[in-house]
Amino acid sequence: MENNLFLDAAFSKQTERPPVWMMRQAGRFMPQYWEIKNKYSFLEMCKTPEIAADVTMLPVDLLGIDAAILFSDILVTGEAMGGDLSFTQGVGPKFANPVRSEADIDALATDCLDKLQYVADAIKVIQQRLNGSIPLIGFAGAPFTVMSYLVEGGSSKDFKLTKLLIHNHPELAHKLLAKIAKVTTDYLNLQIEAGVNALQLFDSWALALSWNDYQEFSHQYNQQIIAGLNRTNLPIISFCKGSSVFAPIMAEAKPDVISVDWNADLLNIKKALPAGIAVQGNLDPHILYADQPVIKAQIHKLFERMRGENGFIFNLGHGIMPDIPFDNVKYAIEVVKEFRY
Ligand code: CP3
């Protein structure tokens with residue numbers, strides 16, 4: 001690899017500056033994304049390896065980040081299991097056949113890797129394009145977060161149906177979570193075989209859960225998945241909104257990196273973790289709407305706090321919003337790349 005900053009930091013080795021990539025770095029804030037998006041649907045983009053590679057490469061070529069992330073979505077596992085998935089502009093993701101009964105859970109497939117082969121094909125095309133320059137991060141949704149979309153039928157503010165399921169019918173929730181965890185493990189192993197250099201598990205909506213429910217309905221499945229990966233020298237990043245609170249539990253699943261939301265003081269989180277677990281984060285993405293001197297000052301403030309710490313990857317506390325100015329994202333990355341410890 002020509003640029004080892006990301007992998008070194010992920011394995012808690014010393015780096016001359018923090019590596020940088022951003023969640024949702026290939027997305028709607030980029031005018032070049034729209035040039036492609038106007039011609040195809042989102043799922044067509046994900047399922048056509050050459051297009052998925054074109055989009056993955058946009059932030060590599062235009063922003064100069066230190067790691068690329070596969071262009072796909074966390075909900076493709078739910079689709080492969082039998083979910084009727086669509087993405088509509090302004091509406092977001094929808095499953096037309098939400099899971100509402102035990103029969104619906106039984107109907108979901110767990111031997112469905114053939115339906116995700118397009119992801120392996122995309123990874124191979126992307127690695128040819130990257131040509132050893134920077135690492136490629138693969139990813140999947142964590143079972144709790146994917147379950148919430150399957151049960152709600154789409155995005156939700158309060159996760160009412162998901163919470164009713166875990167509280168009134170915990171045995172059914174566990175049956176569903178176990179099926180998703182099995183598919184997710186197989187799917188991430190497929191990505192490893194296809195050639196990714198790192199993996200991130202997105203448990204975006206874990207924040208909705210109490211401490212006890214997080215342990216029972218999220219953490220234990222994430223732990224199973226991480227333990228089931230066939231990997232050598234390939235770091236696992238565990239992300240959730242709620243990591244400010246759940247980081248000590250997340251650490252028990254033994255990821256190499258914990259990706260932290262923007263609420264916490266990153267150094268305090270890191271100091272409370274076992275040695276050898278790196279942290280990723282945790283700028284509030286809303287900072288990227290602000291004036292450039294503010295962006296620079298906020299990034300430097302975070303870096304001063306983290307000075308002297310090995311095992312720090314700069315990222316946002318959550319994904320880039322679609323209306324954040326492109327020039328501000330580019331500027332933030334330049335600020336990171338000019339910094340030296
Ligand atoms: O980070 C990247 O650039 C890689 C690609 C990526 C996408 N989604 C592309 C995408 C990744 C890593 C994801 C993960 C994802 N998808 C998450 C976890 C990350 C997070 O933000 O917490 C979640 C919860 C989803 C589910 C999802 N997909 C939602 C809720 C939406 C709609 C969002 C919205 O603002 O409308 C999507 C669609 C989606 N996934 C888009 C992209 C680029 C937008 C599709 C479009 O062009 O309309």
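Let me start with helices H8 and H10, whose crossing is right-handed, and I should say at once that what we are looking at is a predicted model. The axes of H8, which spans residues 143–152, and of H10 come within 9 Å of one another, and they cross at roughly 120°. On the H8 side the residues involved are Pro-143, Phe-144, Val-146 and Met-147, and these meet Leu-176, Leu-177, Ile-180, Ala-181 and Thr-184 in H10. If we sort the residues of this contact by class, eight are nonpolar, one is polar and none is charged.

H10, which covers residues 170–194, also packs with helix H7, residues 117–130, and here the two axes come within 9 Å and cross at roughly 30°. With that angle under the cut-off of 35 degrees, H7 counts as roughly parallel to H10. This crossing, too, is right-handed. The contact is built from Val-119, Ala-120, Ile-123 and Lys-124 of H7, together with Leu-190, Gln-191 and Ala-194 of H10, and by class it comprises five nonpolar residues, one polar and one charged.

Let me turn now to the strands. Seven of them form an open sheet with parallel pairing, and the order across it is S1-S4-S5-S6-S7-S8-S9. Strand S1, residues 68–69, and strand S9, residues 312–316, stand at the edges with a single partner strand each, so one side of each has no neighbour in the sheet. The partnership of S9 with S8, residues 278–283, is parallel and runs over five bridges, and within it Asn-282 has Asn-315 of S9 as its bridge partner.

There is also a hairpin, in which strand S2, residues 85–88, and strand S3, residues 92–95, run antiparallel and are joined by four bridges. Leu-85 stands opposite Phe-95 of S3. Three residues lie between the two strands of this hairpin, where Gly-90 takes a positive phi near 85°.

That leaves the ligand, and which residues come nearest to it? Of the 24 residues around the ligand, those are Ala-26, Gly-27, Gly-92, Ser-204 and Gly-319. Taken by class, the shell around the ligand holds 11 nonpolar, nine polar and four charged residues.

To close, I would return to H10, which meets H8 at a crossing of roughly 120° and H7 at a crossing of roughly 30°.

Technical notes: Residues are numbered from 1 along each chain as its sequence is written. This is a predicted model: local features need pLDDT of at least 70, side-chain atom pairs count only at pLDDT 80 or more; totals for chains, interfaces and linings use all residues. Axes are lines fitted to C-alpha atoms, for helices over the stretch in contact, and angles run from 0 to 180 degrees between N-to-C directions. Angles under 35 degrees count as roughly parallel, over 145 as roughly antiparallel, 65 to 115 as roughly perpendicular and the rest as oblique. A crossing is left-handed if the near helix is turned anticlockwise from the far one by less than a right angle, and right-handed if clockwise. Two residues are in contact if their C-beta atoms, placed from the backbone, lie within 7 Å. Ala, Val, Leu, Ile, Met, Phe, Trp, Tyr, Cys and Pro count as nonpolar, Asp, Glu, Lys and Arg as charged, and the others, Gly among them, as polar. Two strands pair if DSSP finds at least two bridges between them. A residue is near a molecule or strand if its C-beta atom, placed from the backbone, lies within 6 Å of it.
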